[in-house]
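Please open the structure in a viewer and keep the selection tool at hand. The tour below proceeds from the whole chain to single residues and then to the empty spaces.

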Amino acid sequence: MVIHNIQLVFILLALSVGVTALAKRLNKPYPIALVTIGAVVGLMPVEGVLEEVRNFFASDEVFRTAVISIFLPALLGEASLKLSYTDISKNRRPIILLAFLGTLIAFAVTGGLSHFALGLPLQTALVFGALMAATDPVSVISIFKNLGVNRRLAVIMEGESLVNDGISVVLFKLSVYSLAYIFSLGLWGAAAGVAMFFKVVVGGTLVGLSLGFLISQIGRYFDDYPLENAFSVVLFFGAYIIAEQIEVSGVIAVVAAGLVLGNYGKDIGMSPTTRFSISVFWDTIVLAANSLVFILVGLEISHITIAEHIFQIPVAFVLVLIGRAAAVYVSTLGYKLPKSYKHIINWGGLKGSLSLALALSLPLDFAGRETIITLTLSVVFFSLFIQGLSVSPLIRALGLQKTVSGLKEYEQLLFELQQAAAAGDELIRLYKEGQVSPQIFDKIEKENAERFLAVNHRLSALYDKYPELLQEQEFNARKKLLYAEHLSIEKLLSEGVLSEETGSERKHLVMEQMESYEKN
């Protein structure tokens, strides 16, 4: 049985990675493609292996365990590991305002409106509000990278999401398990609720900071990147498990631990090779995790009972949008953040797998459980499709897309250059095989050389007009050359031409050059 379940995991992984590859090839947001495929498998009559995959992964327990216990620590750890403390510090005020005040506003507004507009009992409405306060900007950030959106906007959205997830989980647990106790205290209930909230948040922060510092210190005694990669895995999952065991926020613990390791730990104990390795390692883990998460969200569509909630679902989505808008625009009042940024932060606050996993973790006897699950899953779908697909046009409409002057003409000339090079290579092959006479070879080679010269003249004129094109080209060329140097050292090491000591020194030197160039 266990072996069969492992086989189903690999089948789903293969399907999700395949869909991700196709979406990336077509330059489309892969999370939306994955949710679509998952929904198709979840709704369509399928047989055989796909039916087994659907039945296994669509179960509440499997989805909840996969998202909360496996994927969440990995995704949060990787994101916090790569966030620069300098970037966070520069943008700490909007991040704190959005993550703390904004999340509380979204929780209160969405919960309150759900109580009055949807007729949900107060506790049920507040639980739904807590679930909808969490954001998942994965697909939006991937769109940012494709469009070259300002780095500051991406930092604010990622920073908010990391802390926001932890706050939302705390609010969810308080709403589910402690609300009756808080209400029973009357006027003292608010103070008790605030005290519980800060105990869980501060406790999680302290656990994460402590473990992050400990692993960073241990890393100083090793220059062994596979082992240090393993340390980071132990750190993220260990921080989450320990924090949850002592009843503080595991989410916030992972974020704090990742920030310490990614900034302090890197500075005091990681060689350039380790920094590069740990980045690539977590890139791979996160790609696989995100691919699985979004296809699992699609599979969960089988839980929606649309007929019973046909009128509540669209109203719930509108209420969530109102709650998010209130969170963004009210929490940042008085802070000089460009309006265009606020619009994207608002519309890009998509709902994702965490909200759904938390909904599925509700006790079976919780009043309104089925309603919450159906509304949460429906809003997640609407959010990913309606907001996810409209973020790119909104970014372009607001003028936030990074544009390089002359880029289109530059790409056309490069294509012509590549065509000429391919034609020249083929001509040489035909000549060597005796399929082209010397006279024809000389004639066509001359024509191709003139073609090369003409394209290069046009490129030179373009470079004079738009010097930023040359800067971008130089950056990419130097980066590729440094990667080639790194690979050549690896090859010489594998062939035994270089000693481990010399090879390690050379790799460190190349990695330092790569890091330095990336920063500049």
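Helices and strands are here DSSP runs, of at least four residues for a helix and at least two for a strand, numbered from the N terminus. By that count the protein, shown as a predicted model, has 21 helices and 0 strands.

**The whole protein**

Begin with all C-alpha atoms selected. Along the principal axes they fill a box of roughly 95 × 60 × 55 Å. Of the 520 residues in the protein, 48% are buried. Among contacts with a separation of 6 or more, 80% join residues 24 or more positions apart.

**Helix α6**

Next, select residues 92-117, which form helix α6. This helix has 26 residues and spans 35 Å from its first C-alpha to its last, close to the 38 Å expected at 1.5 Å a residue. Where does α6 bend? Centre the view on Gly102, where the bend is about 35°. Then move just past the end of α6 to Gly119, which takes a positive phi of about 70°.

**Two loop residues**

Select Thr135, in the loop between α7 (122-133) and α8 (138-147). Is Thr135 buried or exposed? The residue counts as buried because its relative accessibility is 4%, and buried means under 20%. To see what surrounds Thr135, add Ser161, Asn164, Asp165, Arg324, Gly349, Leu350 and Lys351 to the selection; Thr135 touches each of them, with residues up to four places away in sequence left out of the list.

Now go to Glu247, in the loop between α11 (225-245) and α12 (250-269). Glu247 is exposed because its relative accessible area is 60%, and the cut-off for exposed is over 50%. The backbone also merits inspection. Most residues other than glycine have a negative phi. Glu247, by contrast, has a positive phi near 65°.

**A residue pair**

Select Val40, which is found in helix α2 (residues 30-43). With a relative accessible area of 42%, Val40 is partly exposed. Add Ile372 and draw a line between the two C-alpha atoms: Val40 and Ile372 are 332 residues apart in sequence and 23 Å apart in space.

**The second largest pocket**

Turn next to the second largest pocket, with a volume of about 520 Å³. Select Ile88, Val163, Val255, Ala256 and Leu259, which lie nearest its centre among the 21 lining residues. Helices α5 (85-90), α6, α9 (151-184), α10 (188-219) and α12 are the elements that each give two or more residues to this lining. Which of the elements gives the most to the lining? That element is α12, with 6 residues. Coloured by type, the lining of the second largest pocket divides into 16 nonpolar, 4 polar and 1 charged.

**The cavity**

Finish with the enclosed space. A search of the whole structure finds 1 cavity of 30 Å³ or more. The largest cavity has a volume of about 80 Å³. To display its lining, select Ile215, Ser216, Gly219, Arg220, Glu228, Phe231, Leu261, Gly265, Gly269, Met270 and Ile278. At least two residues of this lining come from each of α10, α11 and α12. The lining of the largest cavity comprises 5 nonpolar, 4 polar and 2 charged residues.

How values were computed:
Residues are numbered from 1 along each chain as its sequence is written. This is a predicted model: local features need pLDDT of at least 70, side-chain atom pairs count only at pLDDT 80 or more; totals for chains, interfaces and linings use all residues. Side-chain values use heavy atoms; hydrogens and water are left out. Buried means under 20% relative accessible area, exposed over 50%, partly exposed in between (1.4 Å probe, protein chains only). Contact means heavy atoms within 4.5 Å. The expected span of a helix is 1.5 Å times one less than its number of residues. The bend at a residue is the angle between axes fitted to the seven residues ending there and the seven starting there. On a 1 Å grid over the protein atoms alone, a cavity is a set of points where a 1.4 Å probe fits but cannot get out, and a pocket is an open set with protein on both sides within 12 Å along at least five of seven lines; lining residues have an atom within 4 Å of a point. Grid points are joined across faces, edges and corners, and a volume is the space filled by probe spheres set on the points. Ala, Val, Leu, Ile, Met, Phe, Trp, Tyr, Cys and Pro count as nonpolar, Asp, Glu, Lys and Arg as charged, and the others, Gly among them, as polar.
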